[in-house]
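Reader: I should like to learn how to read the features of a structural model. Might we go through one together?

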Amino acid sequence: MAKVSLGTLLARVGLDWFILALLGMIGLARLWPEPGLGDGPLSLSALTNYGVSLIFFFYGLRLNVEQLKAGLRNYRLHLLIHLTTFVLFPALVLGARALLVSPETMLLWTGIFYVAALPSTVSSSVVMVSIAEGNIPAAIFNASISSLIGVFITPIWMSALLSASNGQFDLQGVILKLSVQVIVPVVLGLLLNKRLGWFSERYKTALRYFDQLTILLIVYTAFCESFTLNLFRGYSALDLLALAGGMLLLFFVVFFVVMLVSRLLHFSREDRITALFCGSKKSLVQGSVMAKVLFPPTAAGVVLLPIMMYHALQLIVASILAKAMINWHPKSPPNRANAPQVVTDSEM
C-alpha cells in the first residue's frame, strides 16, 4: 500500500500550510507579542499597510478589461451573487442577533456581522468553480467586482452597526482610506495590465506567497494587541467551538438558499455552480485589510477571529463539495475557449 504524506492528507480535506500558519501566528502572538506592538513607519503594522497596497496593485495587474466587459452579459447570475454576498448574509446574521448578543459577546458578534458584510473571495471562488466545472469567466467577473464593491458596501454596513452602538463612525473617512489603499492600487495595476500583465503571470507563485505573508503579518499584529489587553479572557474553548459551528451553519444556510434560488431561476449547471461558490465565500484578505481601518487595534484580533474560522471552514467544505459536483447532471456542453488562466493567490 503506497504511503500518503501528511501534506497530501491535509490537502484532501481542504487544509494547506497557510491555514496552519494562521494558527501558528495566533500562537506566536500569544507567546511573543512585543514585535507586533511597535509603532512608526518601519513597524510591522506599517509594513503590512505597504504590503496590502502591493497586493491590490498586483491584483489589478492580473485583471483584464475585455474579460470584465464580456462578463457583464449574465446579469441575473451577477445579481444573485451580489445580493447573496451583501444582503442575504447580513440579513441572516441580523436575524440571529437576539440569540447571539450579550454584553460579554458584543465584540465577537461584531466580528460575526463583519464576516457577513465582507465581499466574496477571488481566487478560491474561481478555483472551486474550476474544480466543479462551472462558469469560470463569470466566476472571475463576479469575484473581482465583489472585491471592489466591498470597499464601499462593507463600511456602510459596519457604519450602521457601529453608529448604533456608540454613535461615532467616520464613514467618509473610512471609504477614503480604503479607496487609497485598495481602489487606487487596483486601478493603477489595471491601467498597466497590457504592459506589465506578463509580470504577474510569470511570478504568480512568488506573488501568492507575498500575499499570504502579508496576511499572516496582519493577523499576527492584530492578535498581539488583543492578547496584550486580555480580550480573549472571557472566551472558553466551548465558546470557540460554538463559533466554529455557527460559521459552518451560516455557510450551509447560504449555500442551500442560493441552490434553491438558482434552480427556481432555471440556471444552467455551470451558472448554478458559479452562484454557489461565489455567493457563499467571504474574503480573509479584504477582512484583514478593512479591519485595520474599521476597528481600533485593541479590538481587531477578536473581530478577525470569526472571518479566520469562516475562511478555514469554507475552504475545507467547499473543496469537498466542488469535487462532488463534478458528477452533477445534466451537464451542459463545455465551453472553455474563452476561459482565462486561473490564478490561485492567497484568496483575495
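Author: The turns below take up the overall fold, one helix, the salt bridges and the aromatic rings. Please note that this is a predicted model.

Reader: How many helices and strands does the protein chain have?

Author: The protein chain has 16 helices and zero strands. Of its 348 residues, 51% count as buried. Among contacts with a separation of 6 or more, 89% join residues 24 or more positions apart. The chain exposes about 16,200 Å², and carbon and sulfur atoms supply 68% of that area.

Reader: Why is helix 15 described as largely enclosed by the rest of the structure?

Author: A residue is called buried when its relative accessible area is under 20%. In helix 15 (residues 284-294), 10 of the 11 residues are buried, so the helix is largely enclosed by the rest of the structure. The buried residues include L284, V289, M290 and L294. At the start of helix 15, a side-chain oxygen of S283 comes to within 3.4 Å of the backbone nitrogen of V285.

Reader: Which residues form salt bridges, and are they buried or exposed?

Author: A salt bridge requires a side-chain nitrogen of Lys or Arg within 4 Å of a carboxyl oxygen of Asp or Glu. By this rule the count comes to two. In one of them, K204 pairs with E201, with the closest N and O atoms 3.3 Å apart. K204 is partly exposed, at a relative accessible area of 25%, and E201 is partly exposed at 34%. The side chains of E270 and R269 also meet in a salt bridge, at 4.0 Å from N to O; both of these residues are buried.

Reader: How should a pair of aromatic rings be described?

Author: One gives the distance of the centres and the angle of the planes. The structure holds 16 aromatic pairs. The ring centres of W198 and F199 are 5.9 Å apart and the planes are at 80°, so this pair is edge-to-face. W198 is partly exposed at 45% relative accessibility, and F199 is partly exposed at 29%. For F223 and F227, the centres are 6.0 Å apart and the planes are at 45°, so the pair is tilted. F223 and F227 both lie in helix 12 (residues 204-228), four residues apart, about one turn of the helix. F223 is buried at 1% relative accessible area, and F227 counts as buried at 18%.

Reader: Which residues form an aromatic cluster, and which charges lie over rings?

Author: F89, F251, F252, F255, F256, F277 and Y310 form one aromatic cluster. K282 lies over the face of F89, at 4.3 Å from the ring centre. The charged end of R208 sits over the ring of Y209, 5.1 Å from its centre.

Key: Residues numbered from 1 in each chain as written. Predicted model: local features only at pLDDT ≥ 70, side-chain atom pairs only at ≥ 80, totals over all residues. Heavy atoms only, no water. Buried < 20%, exposed > 50% of the residue type's maximum accessible area, 1.4 Å probe, protein only. Helix = DSSP H or I, 4+ residues; strand = E, 2+ residues; numbered from the N terminus. Polar contact = N/O pair within 3.5 Å; in protein donor to acceptor, adjacent residues only side chain to side chain. Contact = heavy atoms within 4.5 Å. Areas by Shrake-Rupley, 256 points an atom, 1.4 Å probe, with all protein chains shown as cover. Phe/Tyr/Trp six-rings, centres within 6.5 Å; stacked < 30°, edge-to-face > 60°. Lys NZ or Arg CZ within 6 Å of the ring centre and 35° of its normal.
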